[in-house]
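Here is a short round of questions and answers on one protein chain. Look over the sequence and the fold, then work through the turns.

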Amino acid sequence: MAVEHYMPDFALERAYDLTVTSLEKHGIKAVFVDLDNTLIAWNHPEGTPEMRQWLHELRDAGIRVVVVSNNNYDRVKRAVERFEIDFEARALKPFTFGIDRAMKRFGIQPNEVVMIGDQLMTDVRAANRAGIRSILVKPLIETDSIKTKPNRMRERRMMKRIIAKYGPIEYKTEI
């Protein structure tokens, strides 16, 4: 496993730090965002007022937001329908199926989109494979669902390899 395959283009403290101004500066017209521990805490599906404000700002600017999640259709639909955003469920990240479906469905070119996620092993890897820019964010909460724990162990090993080669990832508040 080459560390470059898991290296994010950007790293932010939180998805909500991504501003309309910075997206426009980078020519980004769509944001694909992971669901659990990126957009919402996996155990807190209501989201935060800050998250709802962020979605509102992106929508008002004409930037499409699409949740790209490995969860099943019913789980993702239940989580995002109150926010009125599109989604691709069963994305099968780290493969590109969900990202490819979303780009085709909405007529988005790879240079017009960014993928935001809290996991190197799924979100960043899938974005890199799909040829789109990636943003790694810190997980919203410290705990993970039982399904995510094995990925976190692999991620810790990969992060050590990234740090050894490139130094620590610096999380910023702007891209």
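Q: Does Leu-92 count as buried, partly exposed or exposed, and at what relative accessibility?
A: This is a predicted model. Buried needs under 20% relative accessible area and exposed needs over 50%. Leu-92 has 47% relative accessibility, so it counts as partly exposed.

Q: Which residues form a nonpolar patch on the surface with Leu-92?
A: Leu-92 lies in the loop between S4 and helix H4 (97–106). The patch has about 310 Å² of accessible area together. Along with Leu-92, its members are Phe-95 and Phe-97.

Q: How many residues of strand S5 (residues 113–117) are buried?
A: Val-113, Met-115 and Gly-117 point one way from S5, and they are buried. Val-114 and Ile-116 point the other way and are buried too. S5 is therefore largely enclosed by the rest of the structure, and its buried count is five of the five residues.

Q: Why do Val-114 and Ile-116 point the other way from Val-113, Met-115 and Gly-117?
A: The five residues of S5 split into two sets by direction. One set is Val-113, Met-115 and Gly-117, and the other is Val-114 and Ile-116. The reason is general: in a regular strand the side chains alternate between the two faces of the sheet.

Q: In S5, what is the bridge partner of Phe-32?
A: Strand S2 (residues 30–33) pairs with S5 in the parallel sense. Four bridges make up that pairing. Within S5, the partner of Phe-32 is Met-115.

Q: Which residue in S6 stands opposite Val-114, and what is the handedness of the crossover from S5 to S6?
A: S5 and strand S6 (residues 133–137) run parallel, joined by four bridges. Val-114 has Arg-133 opposite it in S6. The chain passes from S5 through helix H5 (residues 120–130) to S6, and this β-α-β crossover is right-handed.

Q: Which residue in S3 stands opposite Val-31?
A: Strand S3 (residues 64–68) is mostly covered, with four of its five residues buried. S2 and S3 run parallel and share four bridges. Opposite Val-31 in S3 is Val-65.

Q: Through which helix does the chain cross from S3 to S4?
A: S3 pairs with strand S4 (residues 86–88) in the parallel sense, over three bridges. Val-66 has Asp-86 as its bridge partner in S4. The β-α-β crossover between S3 and S4 is right-handed, and its helix is H3 (residues 73–80).

Q: How many aromatic pairs are there, and do the rings of Tyr-16 and Trp-54 count as stacked, edge-to-face or tilted?
A: The count comes to three aromatic pairs. The centres of Tyr-16 and Trp-54 are 5.8 Å apart, with planes at 55 degrees, so this pair is tilted.

Q: How many residues apart are Tyr-16 and Trp-54?
A: Tyr-16 and Trp-54 are both buried. Tyr-16 sits in the loop between strand S1 (10–12) and helix H1 (20–25). Trp-54 belongs to helix H2 (residues 49–60), and the separation is 38 residues.

Q: What is the distance between the ring centres of Tyr-73 and Phe-87?
A: This pair links helix H3, which holds Tyr-73, to strand S4, which holds Phe-87, 14 residues apart. The planes lie at 55 degrees, so the pair is tilted, and the centres are separated by 5.2 Å.

Q: Is Phe-87 buried or exposed?
A: Its ring partner Tyr-73 has 46% relative accessibility and so counts as partly exposed. Phe-87 has 14%, so it counts as buried.

Key. Residues are numbered from 1 along each chain as its sequence is written. This is a predicted model: local features need pLDDT of at least 70, side-chain atom pairs count only at pLDDT 80 or more; totals for chains, interfaces and linings use all residues. Side-chain values use heavy atoms; hydrogens and water are left out. Buried means under 20% relative accessible area, exposed over 50%, partly exposed in between (1.4 Å probe, protein chains only). Two strands pair if DSSP finds at least two bridges between them. A crossover is right-handed if, with the strands pointing away from the viewer, the path from the first strand over the helix to the second runs clockwise. Patches are made of residues with over 30% relative accessible area and no salt bridge: like charges are joined within 9 Å, nonpolar side chains (Val, Leu, Ile, Met, Phe, Trp, Tyr) within 5 Å. Accessible areas come from the Shrake-Rupley method with a 1.4 Å probe; for residues, only the protein chains shown count as cover. A salt bridge is a side-chain nitrogen of Lys or Arg within 4 Å of a carboxyl oxygen of Asp or Glu. Rings of Phe, Tyr and Trp (its six-membered ring) pair if their centres lie within 6.5 Å; planes under 30 degrees apart count as stacked, over 60 as edge-to-face and the rest as tilted.
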